Amino acid sequence: MKNYIPRTIEKQIKSAGRDFPVVVLTGPRQTGKSTLLKKLFSKYTYITLDDPLTRNLAQEDPKLFLSRHQHVIIDEIQYLPELLPYIKIMVDQDRSKNGRYILTGSQFFPLMHGISESLAGRAALFELLGFSHQEAPWIDYDIPKFCFAALFDGFYPEVIVHGANRNRFYSSYLQTYLERDIRQITSVHDLKVFQNYLELLAARVGSLLNLNEVSKECGITFTTAKRWLSLLETSRIVYLLRPYTKNISKRVIKSAKLYFSDTGLLAAILRYPTPETVQSGPLSGSLFENFIVVELLKYKFNHNKLFELFFYRDSNHNEIDIIIDQGSSLLCLEIKNTSTPQKEHLTTLARLQPLIKNSKAYLMSFASEAQVYSKTVTSIPWMQLFQKKYLL
């Protein structure tokens, strides 16, 4: 196995394999799910349902197919969700055996629906995104130039670990995703229109999503735009950040904000030619914000944390970039692409933070050290947030 770099989530998955008969790992394509599972469960039989012949065999006689393997990794289970009820039958025949079936899938919501129906109480669920900044410590993320170079390259293993040419990788990734996955999942008749739709979404990264506007600009119906967005969310290409509404006035905006699960893919869709153009471009702040949001998601998934991510915005355009709801406490985060945060950067945050009960506020930037502005508002280097004293 070439250049295998350990993943933070390994400990969680290994533990679940001892406690549950089924372990399910989802996530976007090419994030290293199969590689990780083959490493952790090296003695297991590996099967991929991406192979039509294997899929046909499983479809024709599911019981016989499953009975041939005591311990098995079944890759791309979303291609044959009809197998899940038969896995349930095999599990229920002997509930004392754990770690029997390790499943992967790259289409989140339909797969989760099938698992909740067939394998409730029998399966441990995990999600793997690209490499986190903590998993790739050889990059100086606290220096803007190097951080934006990493954002430009993205965090898929093929690029960040194995050194694949990033332009070729993303071109191939988009072609494979569009031509194979999209057409298998839904009826997209004109892939050029869909790609244009993808580009329109990318240009709105970190902004409130107005699908009416996107559909008109793309020349498609609102219903089609909504269905395609669901498709992108299902396959974990995009992530929608929902507004925080608990104990807040009715003036809160209800629209979601849009992010991409990988900044390299986002930069490729936006056709940025170099890291410098990403760092100096009009969307540099939005890409940095996208990076932080996804790093928080990676931390949540990799450490099996229960916190939830939101944002706040009211009808007067007052906004908090991220609210982390940890149950007993909340963190209000403002993200600034700067090395020298100014006091005025904290004005809105300081004004809005009292509206969020049991909260503390942090301005995250490339600053070299923390600075306390009040009892509840502090400026910190963005990497500090990922310490245990902040994220419970």
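Mentor: Start with a cut-off. A salt bridge is a side-chain nitrogen of Lys or Arg within 4 Å of a carboxyl oxygen of Asp or Glu. Keep in mind that this model is predicted.

Trainee: What makes Glu-199 and Arg-271 a salt bridge?

Mentor: Their closest N and O atoms are 2.9 Å apart. The limit is 4 Å, so the pair qualifies. Glu-199 sits in helix α10, and Arg-271 sits in the loop between α13 (263-269) and α14 (275-280). The two parts are 72 residues apart in sequence, so the pair ties them together.

Trainee: Why is Arg-271 called exposed?

Mentor: Its relative accessible area is 58%. Exposed means over 50%, so the label fits.

Trainee: What makes Glu-213 and Arg-204 a salt bridge, and is each one buried or partly exposed?

Mentor: N to O is 3.0 Å. That is within 4 Å, so the pair counts. Arg-204 has 13% relative accessible area; the cut-off for buried is under 20%, so Arg-204 is buried. Glu-213 stands at 39%, between 20% and 50%, so Glu-213 is partly exposed.

Trainee: Which residues do salt bridges that share partners join into one network?

Mentor: Lys-88, Asp-92, Arg-95 and Arg-122. One link in it is Arg-95 to Asp-92, at 3.6 Å from N to O. Again this is within 4 Å, so it passes. Arg-95 has 43% relative accessibility and is partly exposed. Asp-92, at 31%, is partly exposed too. A search of the whole structure gives 17 salt bridges.

Trainee: Back to α10. How do you know its span is close to the one expected?

Mentor: Helix α10 covers residues 191-202, which is 12 residues. From first C-alpha to last it reaches 16 Å, and the expected value at 1.5 Å a residue is 16 Å. The two agree.

Trainee: Which residues of α10 are buried?

Mentor: Leu-191, Phe-194, Tyr-197, Leu-198, Leu-200, Leu-201 and Ala-202.

Trainee: Now the sheets. What is the order of the five strands in the open sheet?

Mentor: The order is β2-β3-β4-β1-β5, and the pairing is parallel.

Trainee: Why do β2 and β5 stand at the edges?

Mentor: β2 (45-48) and β5 (123-127) each have a single partner strand, so one side of each lacks a neighbour in the sheet. Neighbouring strands here are turned by 15° against each other on average, direction ignored.

Trainee: How do you know β3 and β4 pair?

Mentor: Three bridges join β3 (residues 72-75) to β4 (residues 101-105), in the parallel sense. At least two are needed, so they pair. Ile-74 has Leu-103 as its bridge partner in β4.

Trainee: And why is β1 called largely enclosed?

Mentor: Five of the five residues of β1 (residues 22-26) are buried, so the rest of the structure largely encloses this strand. Five bridges join β1 to β4, and five join β1 to β5. Both pairings run parallel. Leu-25 has Thr-104 as its partner in β4, while Val-22 stands opposite Ala-123 in β5.

Trainee: Which way do the residues of β1 point?

Mentor: Val-22, Val-24 and Thr-26 point one way, Val-23 and Leu-25 the other. In a regular strand, side chains alternate between the two faces of the sheet.

Trainee: What makes the open sheet of six strands mixed?

Mentor: Mixed describes its pairing; the order is β8-β9-β10-β11-β13-β12. The edge strands, β8 (308-313) and β12 (371-372), each pair on one side only. Helix α15 (residues 284-302) packs on this sheet and touches β8, β9 (319-325), β10 and β11. The direction of α15 makes about 5° with that of β9.

Trainee: Why is β11 called largely enclosed?

Mentor: Six of the seven residues of β11 (residues 359-365) are buried, so the strand is largely enclosed by the rest of the structure. β10 (residues 330-335) runs parallel to β11 and is joined to it by six bridges. Glu-334 has Leu-363 as its partner in β11. Between β10 and β11 the chain passes through helix α16 (residues 347-352), a right-handed β-α-β crossover.

Trainee: How do you know β11 and β13 pair?

Mentor: Five bridges join β11 to β13 (residues 377-381), running parallel. The minimum is two, so the pairing holds. Met-364 stands opposite Ile-380 in β13, and Ser-365 opposite Pro-381.

Methods:
Residues numbered from 1 in each chain as written. Predicted model: local features only at pLDDT ≥ 70, side-chain atom pairs only at ≥ 80, totals over all residues. Heavy atoms only, no water. Buried < 20%, exposed > 50% of the residue type's maximum accessible area, 1.4 Å probe, protein only. Helix = DSSP H or I, 4+ residues; strand = E, 2+ residues; numbered from the N terminus. Right-handed = clockwise from strand over helix to strand, strands pointing away. Axes fitted to C-alpha atoms, helices over the stretch in contact; angles between N-to-C directions. Expected span 1.5 Å × (residues − 1). Contact = heavy atoms within 4.5 Å.
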